[in-house]
Structures are given as C-alpha cells and as structure tokens.
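Trainee: I should like to go through the reasoning behind some of the labels used for this structure. May we take them one at a time?

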Amino acid sequence: MDYFALLLDSLCLIVGHGVMHMVFISRLTGKKLKKWYFAAYFLLLGMIQLISDRLALDGTLPVGVGVLALYGLSRFGMGNLQSVSWLAAVLSFYISQLSFGIINSVEAALFPRFIGSPLLYLLLLAAQLLFFVLCAGCYYAVLKLLAWTEDSQTPYIGLLLFPGLFFFAAELYILETAYSFFAPVISLEEVGRHSTLLLLQVMGLAALLCTLYAHRQLCKGFQAQAELQSLTQAAHTQKVYITEAQVRYEQTKSFRHDIKNHLSVLDGLLKNGKLEEGREYLKKLEAVSEALSFPYQTGNPVVDILLGEKLGLAKEIAAEVSLVLPKPCGIDDFDLCVLFANALDNAIAACRANDGAKAIRISGKQQGDFYMLTFENTCSDGPLPLAGTGLSNIKAVAGKYHGAMLTEKNGRQFYLSVLLNISALQ
C-alpha cells in the first residue's frame, strides 16, 4: 500500500500541481509556455516535498512555499506583473487544494468501509481521476470569468487577491483540521460532518466564481464608461467641426455676395490708371479667398475642415485625397465626422508608429447605389491591432447606412474600406 500511495502522491504532484498549475497560469496571463518552466517548477515542487517529508513539516508550510515558488516563476520567469503573479499563484493552489478537499470529503465518508478490500485500490484510482477532472473543470470556469493578456490588463486585479487569500486560507484550515487523519472506521455522525464540509467547500467554490463574475461585470462597466467618455469627447469635437464649417460657409457666402462690389472697385481703380492700388486691392482679395478656401475639396464643408485640420497637423505625413462626396448627400454631418475623424486618427497614429515612409491616401467612388470610401496608410510590419473604439464607431456608422466595414493589412500597408448604401439617401 505504501508504493501505491507513493504512486498516487507522485501522480498528484506532477499532474495535479505541476502541469495544471503551469497551463492555468499560461492561459490566464496569455504567456506561452516554455519547457524550462516545467523543469524548474517540477524541481522546486520535488525539493519542497522532499524537505517536507524529511522534516515532517506541517502541510500548511510546504503549500505556502509552493505558492512562493509559483509566484517567482510567474513574476520573474514569465514576466507577469506583481499583482497578477500573486493572484495567479494563489488561485492555482486554491483550486487544486479545493479539488483535493472535495475528493477527500467523499473518500472520508465512503471509503473506510472498503479498507482491506482490493476494491479500495480501484476506488482510490477513480478518486484520483475524478480529482484531475474536477480540478481542470474549476480552472476552466475561472478562465472563462477571468482572463487577460499583457496588452489588455484587467483593471483593479489586485482587489481579487484578498478574497482569493481568504478562500485559500479557509480551504487549508479545513484540510489540516479535518483530513489530516484517515479513520479506518467511521460513524454516521462522521459521515454527516464530512458531508457538511463537502457542502462548505462547494459553497466556497461558488463564492469564488461569483466574486470573479462580479469583478468581470465591474470591469465591463468601467470599460463602457471609458468608451462613453471617449464618445462624448468625440461628439463635442465633431460639433466644433460642424459649427466651424457652418461659420466658414456663411463667410464664404458673404464673400461671394460681395464679390461684385469688390470687382467694381477693382475695375474703377484700373480705369483710373491706379495700377499699384489695384494690385494691392487684388492681393487683399486673394488673401481673403485663400483664408476661406479649404486645402481639400470633397463637396462637404465639414469633411473639408476636418481633413484640413487633421492632415495639416501631420505635416510629416504625405497625404493624397481624391474624394468627392455625392450631392445631395443624405449622410448626416455628425456621422461623417465620426467616420472620417476616427479613420484619420487611426491612420495618423499608424503612420507615426512606422519608421519608414509615412503616407495616407483617401479615395471615394460611387458604384450604383453604393459609395465606397477607402483609407490607405503605411504602418509598422506587425500584426493587426485589436479593434478599438475608433473602428467600432466606424462600423456602427456603416451599419446605420446599411453598409459594411472591412480592414486589411498587406505588409506595411493598411486598408480600411467603408461601404455605404446611398440608394435611399438621394
């Protein structure tokens, strides 16, 4: 029986702790596993277990040292943040200890009657298998509720460490006080006690999952609030663009209204031979005309102002605009601002992140009942970034006009295409 117990303990140590802990932390943090992680962790676990057996240490101390070892591997080996490493280590050990405790509750209530029977060996093997299944299921449930990557850290992750430590400490207390001795004979009262402990441990698991679910919903709320603030700021900016476009339009309208008077004055100066005064007056007219004109002419003053301002601030980027919006255009000015502002912001940011050439090309083409906008820009030679609020806003505008949005990356060129159905807008 000693060899059989040694086999079960070794299997539990290697698979239940070593492999599952490593896989869980890797999936939780989004870090790739390396072979030396397993080798280092197995060595640490073996040393901890050997020292514990030799010195007959209390079970709590080896588990605590194991948590420290797993934290060190996550923090310094995988390069995770300190709060992330602590939480991952505590959750890893808590889930394995909890699964072990639940199986122990079943064993303590049912297995004593089979002591001395060969059937006990099969039951212990079945219990070990059930431990692995239960442990993997708990890890999977936690991963569904709590998972992040280095590029997208979950906010306030450190707050989960305190409830995690509480659940972990409670489970260790149950294991050390209730299952440190396996009684060969068990009474009905003992069965009831172990059943109660089993229920408490299941409730502890449920409480942990509820805590993780509440944290996830809280994070979604923070994310939604941040997106709302971003949209509010964008809406305010776009209102400024629209207001400025209206002012420029009125100024242009006033200038065009007065142009006949200006021409009459200029004609009078020339007829009277006042050539120098005529030249000066003409220069003033040219200055006023240039002030009212836009560097890009798309047929929509709001878009013209937006293009001129954003591309004007990015003088290091070569810009080409070959775009004429349909007239009449039933697309709301606010929606045009959302579309062009977000597309330009993303394109400018991608160009500035690129070490090589920096260029933006914007084009538009009407095809029957559809109008296709294409934004092309240079970018770094890397994977496509995750879709953020900007692309989500563009997609929402495309959907509003029964169209679609498509992104594509080819080497160092990024393409954003927006298709709008204008059949019902003209």
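Trainee: Why is Lys310 called buried?

Mentor: The model is a predicted one. Lys310 has a relative accessible area of 15%, and buried means under 20%, so Lys310 counts as buried.

Trainee: What makes the contact between Lys310 and Asp345 a salt bridge?

Mentor: The closest N and O atoms of Lys310 and Asp345 are 2.8 Å apart. A Lys nitrogen within 4 Å of an Asp carboxyl oxygen meets the definition, so the pair qualifies. Lys310 belongs to helix α9 and Asp345 to helix α10, so the bridge ties together parts that are 35 residues apart in sequence.

Trainee: Why is Asp345 called partly exposed?

Mentor: Its relative accessible area is 37%. Partly exposed covers what lies between the 20% limit for buried and the 50% limit for exposed, so the term applies to Asp345.

Trainee: How do you know that Asp335 and Lys400 form a salt bridge?

Mentor: Their side chains meet at 2.7 Å, N to O, and the cut-off is 4 Å, so the pair is a salt bridge. Asp335 lies in helix α10 and Lys400 in helix α11, so parts 65 residues apart in sequence are tied together. Asp335 is buried, with 6% relative accessibility.

Trainee: What makes Ile51 eligible for the nonpolar surface patch?

Mentor: Ile51 has a relative accessible area of 44%, and patch residues need over 30%, so Ile51 passes that limit. The patch covers about 700 Å², and helix α2, where Ile51 is found, gives the most to it, with five residues.

Note on methods:
Residues numbered from 1 in each chain as written. Predicted model: local features only at pLDDT ≥ 70, side-chain atom pairs only at ≥ 80, totals over all residues. Heavy atoms only, no water. Patch = residues over 30% accessible without salt bridge, like charges linked within 9 Å, V, L, I, M, F, W, Y side chains within 5 Å. Areas by Shrake-Rupley, 256 points an atom, 1.4 Å probe, with all protein chains shown as cover. Helix = DSSP H or I, 4+ residues; strand = E, 2+ residues; numbered from the N terminus. Buried < 20%, exposed > 50% of the residue type's maximum accessible area, 1.4 Å probe, protein only.
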